[in-house]
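Work through the exercises below with the sequence and the coordinates at hand. Each task is followed by its solution in steps.

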Amino acid sequence: MIALPVRRLLSDTRYHLQLELLAGRKGLDKKKIIIPHIQKPGLALTGETSNLHPGRVQVLGNPEMKFLLKTKPAELETLFQKLCHLDLACFVITDARKPPAIFVKQAERAGIPLLTTALSSAIFIVRISKFLEENLTETTTAHGVLVDVFGVGILLTGKSGMGKSECGLELVMKGHRLVADDIVHIQKRAPNELYGSASDLLRYHMEIRGLGIINIKDLFGVASVRDQKLIEMVIDMIEWTPREEYERLGVDEKTREMLGVRLPLIRIPVRPGRSLTSVIEVAARNQLLKQKGIYSAHEFQEKLAKAILAGGKKGGLPEGWKK
């Protein structure tokens, strides 16, 4: 299970959460966020706390603060004592509203970070939801090249020296886009999608044996790269073996599992004189057809079965058919 220290909210610079700490500094590292969804206390402010979930960010907006300001001080103290004894990650007050002094006191005593932001509840919830989704999802890395071919995210894999980078470079020269070379960072997002990206150090760069490190963005322009892409299929580049039987019809569809998500898998044998980039482009076009429910291999299989059946009824195979 991924656990995110509350301190990470304060150090964010990408989503501009604009958070400031009011109390509970000692809990910044101890308190962890484990659920990528915020929660608004709502009913819990009346004393019914059974629906509060530990490990979630508790957001209090204008409605909650107006309710608290109308509550008697004695009732507020009892309420905040009860809230702060729960194993909550942190509280965030939006719209730059000032919390009751007893709230600040109890949060400090319990070591639960109490944060405030000038953002409205609606804007803050959108931003922090994206932040939590990015930081609390499963991740892994893969050795390969991730390219965007006709809008299809294709992960090229295979043993070292199979020509993955050279293949990716040729695709870029044909007008397609590079996402990552060598090390591909893969992140799982709801419900079952995998997004790939490059590390900050390697972004836009490729290693071509005999040539060295090149910068694709500088060489081919900003339209030749992108920072991340949904991975929709895997193409495994394998060494050609004469005795090996390779897929001829494409009826039996293979998959590869990554982070619990199954991706379509195509194994392409590599041999001199074979135009791999053309094969990959056709694979991308074929994947687009499949997404629209058009399966060429299945249609051909059905036609073949009907032809064989018709030939059998006539006492022989169809004209032109060879055994």
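**Exercise 1.** Determine whether Glu232 is buried or exposed, and which residue forms a salt bridge with Glu232.

Solution. The model is a predicted one.
- Step 1: The relative accessibility of Glu232 is 15%. The cut-off for buried is under 20%, so Glu232 counts as buried.
- Step 2: The salt-bridge partner of Glu232 is Lys229, with the closest N and O atoms 3.4 Å apart.
- Step 3: Lys229 has a relative accessible area of 8% and is buried.

**Exercise 2.** Find the salt-bridge partner of Lys40 and state where the two residues lie in the chain.

Solution.
- Step 1: Lys40 pairs with Glu64, and their closest N and O atoms are 3.6 Å apart. A salt bridge requires a separation within 4 Å, so the pair qualifies.
- Step 2: Lys40 sits in the loop between strand E3 (32-33) and strand E4 (57-60), while Glu64 belongs to helix H2 (residues 62-70). The two are 24 residues apart, and the pair links distant parts of the chain.
- Step 3: Lys40 is partly exposed at 33% relative accessible area, whereas Glu64, at 9%, is buried.

**Exercise 3.** Describe the length of helix H5 and explain how its buried residues are arranged around the axis.

Solution.
- Step 1: H5 runs over residues 121-135, which is 15 residues. From its first C-alpha to its last it reaches 21 Å, close to the 21 Å expected at 1.5 Å a residue.
- Step 2: The buried residues in H5 are Ser121, Phe124, Ile128, Phe131, Leu132 and Asn135.
- Step 3: These residues are on the same side of H5, because they cover an arc of only 100° around the axis.
- Step 4: In general, an α-helix has 3.6 residues a turn, so residues three or four places apart point the same way.

**Exercise 4.** Identify the residue with which Glu134 forms a salt bridge and give the separation of the two in the chain.

Solution.
- Step 1: Glu134 bridges to Arg14, with 2.7 Å between the closest N and O atoms.
- Step 2: Glu134 is in helix H5 and Arg14 is in the loop between H1 and E2, so the pair links distant parts of the chain, 120 residues apart.
- Step 3: Glu134 is partly exposed, with a relative accessible area of 24%. Arg14 counts as exposed at 54% relative accessibility.

**Exercise 5.** Asp12 is buried; establish how far away the nearest side chain of opposite charge is and which backbone nitrogen the side chain of Asp12 reaches.

Solution.
- Step 1: Asp12 is placed in the loop between helix H1 (7-10) and strand E2 (19-23).
- Step 2: The nearest side chain of opposite charge is Arg14, at 7.0 Å. A salt bridge needs a distance within 4 Å, so Asp12 has none.
- Step 3: The side chain of Asp12 reaches the backbone nitrogen of His16 at 3.1 Å.
- Step 4: Leaving aside residues up to four places away in sequence, Asp12 touches Leu17 and Phe131. Phe131 is one of the buried residues in H5.

**Exercise 6.** State what is notable about the phi values of His16 and Gln18.

Solution.
- Step 1: Phi of His16 is near 55°, a positive value in a residue other than glycine. Phi of Gln18 is also near 55°, again positive and again not in a glycine.
- Step 2: The loop between H1 and E2 holds His16 and Gln18.
- Step 3: His16 is partly exposed at 49% relative accessibility, and Gln18 is partly exposed at 46%.

How values were computed: Residues numbered from 1 in each chain as written. Predicted model: local features only at pLDDT ≥ 70, side-chain atom pairs only at ≥ 80, totals over all residues. Heavy atoms only, no water. Helix = DSSP H or I, 4+ residues; strand = E, 2+ residues; numbered from the N terminus. Buried < 20%, exposed > 50% of the residue type's maximum accessible area, 1.4 Å probe, protein only. Lys, Arg positive; Asp, Glu negative; His and termini not counted. Polar contact = N/O pair within 3.5 Å; in protein donor to acceptor, adjacent residues only side chain to side chain. Contact = heavy atoms within 4.5 Å. Expected span 1.5 Å × (residues − 1). Arc of directions from axis to C-beta.
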